[in-house]
Amino acid sequence: MTTNDSGSAPKPPAKDPWDLPDVSGLTVGVLGGTGPQGRGLAYRLARAGQKVVIGSRAADRAEAAAAELGHGVEGAGNAECARRSDIVIVAVPWEGHARTLESLREELTGKLVVDCVNPLGFDKKGAYALKPEEGSAAEQAAALLPDSRVTAAFHHLSAVLLQDESIEEIDTDVMVLGEARADTDTVQALASRIPGMRGVFAGRLRNAHQVESLVANLISVNRRYKAHAGLRTTDV
């Protein structure tokens with residue numbers, strides 16, 4: 001007796017992991033958009049044609065930074081930035097991470113949140129990873145935002161390269177972590193909007209700590225070789 005004879009439906013083909021959604025019509029908010037990483041991400045996404053709103057604790061500061069970036073970037077206070085955006089990238093300093101997210105819990109309800117914060121310490125020996133009580137910055141975000149869809153990505157990007165207008169493409173992969181495939185696919189697609197970048201699924205949020213921690217190693221690489229190192233995943 002064949003499978004069809006038994007009445008069982010044929011198994012659907014596996015989904016192509018590179019079949020990603022069209023995210024070109026989504027508005028991206030960047031909390032911490034006046035800092036180096038936030039400004040760089042906002043610039044690259046807007047330059048790629050994405051609608052971008054940068055947020056800051058001071059709306060006038062965000063508006064001034066947006067005017068400098070151009071490409072249609074708009075500035076607003078953090079709460080307004082979160083309300084107006086479909087996807088919200090968290091690029092605030094680690095020291096203000098929990099406080100910022102707690103204050104925006106209502107505005108971030110139902111939103112796709114992308115945490116790119118790296119908990120790091122620095123001493124005379126250089127950078128080293130910190131481990132939050134929740135396990136990682138991304139897991140802290142998930143705990144503080146129970147009604148948001150939290151993912152993690154954009155950890156290993158050089159702010160210098162992101163902001164350099166003379167650079168057309170940034171040769172790097174972006175590790176994307178999260179709990180729902182639809183969400184990680186969306187973030188992968190967003191990363192891939194930037195020329196030279198590619199979003200690669202790298203596991204669930206419980207694996208975020210080692211991804212965040214790797215930035216300490218990249219800082220060491222950059223200091224030794226006077227570089228702006230990124231990551232590429234081979235055979236994928």
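This briefing covers the nonpolar cores, one buried loop residue, helix 8 and the salt bridges of this chain. The model is predicted. Its largest nonpolar core holds 34 residues. The salt bridges number 13. Helix 8 covers residues 208–225, and Lys226 follows this helix with a positive phi.

**Nonpolar cores**

- Within the largest core of 34 residues, the members that touch the most other members are Val52, Ile54, Ile89, Phe154, Val174 and Leu190.
- Elements giving two or more residues to this core include strand 1, strand 2, strand 4 (87–90), strand 5 and strand 9. Helix 1 (36–47), helix 2 (59–69) and helix 7 are also on that list.
- Helix 1 provides the largest share of this core, five residues.
- Another core lies apart from this one and has 27 residues. Among them are Ala137, Leu144, Val150 and Val211.
- Val174 touches Ala153, Phe154 and Leu157. Its contacts also include Ala191, Met197, Arg198, Gly199 and Val200. This list leaves out residues up to four places away in sequence.

**Ala153, a loop residue**

- Ala153 sits in the loop between strand 8 (149–152) and helix 6 (159–163).
- Is Ala153 buried or exposed? Its relative accessible area is 0%, so Ala153 counts as buried, the cut-off being under 20%.
- Residues up to four places away aside, Ala153 touches Val114, Asp115 and Cys116. Val174, Met175, Val176 and Val187 complete its contacts.
- Val114 is 39 residues from Ala153 in sequence. In space, their C-alpha atoms are 6.3 Å apart.

**Helix 8 and the segment after it**

- Does the length of helix 8 agree or disagree with its residue count? At 1.5 Å a residue, its 18 residues should span 26 Å. The end C-alpha atoms are 26 Å apart, which agrees.
- Buried residues of helix 8 include Ala208, His209, Val211, Glu212 and Ser213. Val215, Ala216, Leu218 and Ile219 are buried as well.
- An α-helix has 3.6 residues a turn, so residues three or four places apart point the same way.
- The cover over the buried residues of helix 8 includes strand 6 (120–123), strand 7 (126–129), helix 5 (137–144) and strand 9 (172–178).
- Val211 is buried in helix 8 and also belongs to the core of 27 residues.
- Lys226 lies in the segment after helix 8. Its phi is near 50°, a positive value in a residue other than glycine. Lys226 has 74% relative accessibility, so this residue counts as exposed.
- Asp235 is also found in the segment after helix 8. Its phi is near 60°, again positive in a residue other than glycine. Asp235 counts as exposed because its relative accessibility is 83%, and exposed means over 50%.

**Salt bridges**

- Side chains of opposite charge can pair when their charged atoms come close.
- Asp185 and Lys15 form a salt bridge through their side chains, at 2.8 Å, N to O. Asp185 lies in helix 7 (residues 181–191) and Lys15 in the segment before strand 1 (27–31), so this pair ties together parts 170 residues apart in sequence.
- Asp185 is buried, at 5% relative accessible area. Lys15 is partly exposed, at 44%.
- Lys51 and Glu74 meet in a salt bridge at 2.4 Å, N to O. Lys51 is in strand 2 (residues 51–56) and Glu74 in strand 3 (residues 74–77). The two are 23 residues apart, and the pair links distant parts of the chain.
- Lys51 is partly exposed, with a relative accessible area of 31%. Glu74 is partly exposed too, with 29% relative accessibility.
- Arg83 and Glu107 pair at 3.6 Å, N to O. Arg83 belongs to helix 3 (residues 78–84), while Glu107 is in the loop between helix 4 (97–103) and strand 5 (112–115). These partners are 24 residues apart.
- Arg83 is partly exposed at 47% relative accessibility, whereas Glu107 is buried at 17%.
- Asp171, Asp173, Arg198 and Arg232 form one network, joined by salt bridges that share partners.

Notes: Residues are numbered from 1 along each chain as its sequence is written. This is a predicted model: local features need pLDDT of at least 70, side-chain atom pairs count only at pLDDT 80 or more; totals for chains, interfaces and linings use all residues. Side-chain values use heavy atoms; hydrogens and water are left out. Helices (H or I, at least four residues) and strands (E, at least two) are DSSP runs, numbered from the N terminus. Buried means under 20% relative accessible area, exposed over 50%, partly exposed in between (1.4 Å probe, protein chains only). Contact means heavy atoms within 4.5 Å. The expected span of a helix is 1.5 Å times one less than its number of residues. A salt bridge is a side-chain nitrogen of Lys or Arg within 4 Å of a carboxyl oxygen of Asp or Glu. A nonpolar core is a set of buried Ala, Val, Leu, Ile, Met, Phe, Trp, Tyr and Cys residues joined through side-chain atoms within 4.5 Å.
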